[in-house]
Amino acid sequence: MNIHEYQAKEIFRSFGISVLNGVVIFDTKDIEGKIKKLKSNNFMVKAQIHAGGRGKAGGIKMVKNLQELKREAEKMLGKVLITHQTGQSGVKVKRLYIEETCDIAKEFYLSCVVDRSSSKIAFISSA
């Protein structure tokens, strides 16, 4: 099953798990109306594609005001992101997730993936 980050966070939220607030946009014209729901002036703009490595490919940016947000969203929406998982053809960005920022005390990565060769779940983590 492939779901986007914003969809996963909606599922978490439905089970009472605390996640940062965010909005999805499909058109940059919707930015000003949608970000009124957010309680921050700093945002993360995140390309929503089914591939890892979005940040390294330029698909995740931190912005500090509305002007930067609009500029980065214009650059990102419609762009073809090429990551180690997409191959050289890349994937076109059709939607963006704009999320509030927060102060991070500690950051780590945890992923569960199905190892198809062994039919088992593999956990990948890093500090």
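The questions and answers below walk through a predicted model, beginning with its nonpolar core.

Visitor: Which residues of the largest nonpolar core touch the most other members?
Guide: The largest nonpolar core has 19 residues, and strand E1, helix H2, strand E2, helix H3 and strand E6 each supply at least two of them. In soluble globular proteins, nonpolar side chains tend to be buried together. Within this core, the residues that touch the most other members are Ile31, Ile35, Phe43, Leu69, Leu96 and Ile98.

Visitor: Why do the buried residues of H3 line one face of the helix?
Guide: The buried residues in H3 are Leu69, Glu72, Ala73 and Met76, while Gln67, Glu74 and Lys75 are exposed on the other side. What covers the buried residues includes H2, E2, strand E3 and E6. Seen down the axis of H3, the buried residues line one face because they fall within an arc of 100°.

Visitor: At the start of H3, which residue's backbone nitrogen does a side-chain oxygen of Asn65 reach?
Guide: Helix H3 covers residues 66–76, and Asn65 is found at its start. There, a side-chain oxygen of Asn65 comes to within 3.1 Å of the backbone nitrogen of Gln67.

Visitor: Is Ser111 buried or exposed?
Guide: Ser111 lies in strand E7, which covers residues 109–115, and, leaving aside its neighbours within four places in sequence, Ser111 is in contact with Ala122, Phe123 and Ile124. Buried means under 20% relative accessible area. Ser111 has a relative accessibility of 14%, and therefore Ser111 counts as buried.

Notes:
Residues numbered from 1 in each chain as written. Predicted model: local features only at pLDDT ≥ 70, side-chain atom pairs only at ≥ 80, totals over all residues. Heavy atoms only, no water. Core = buried A, V, L, I, M, F, W, Y, C linked by side-chain atoms within 4.5 Å. Buried < 20%, exposed > 50% of the residue type's maximum accessible area, 1.4 Å probe, protein only. Helix = DSSP H or I, 4+ residues; strand = E, 2+ residues; numbered from the N terminus. Arc of directions from axis to C-beta. Contact = heavy atoms within 4.5 Å. Polar contact = N/O pair within 3.5 Å; in protein donor to acceptor, adjacent residues only side chain to side chain.
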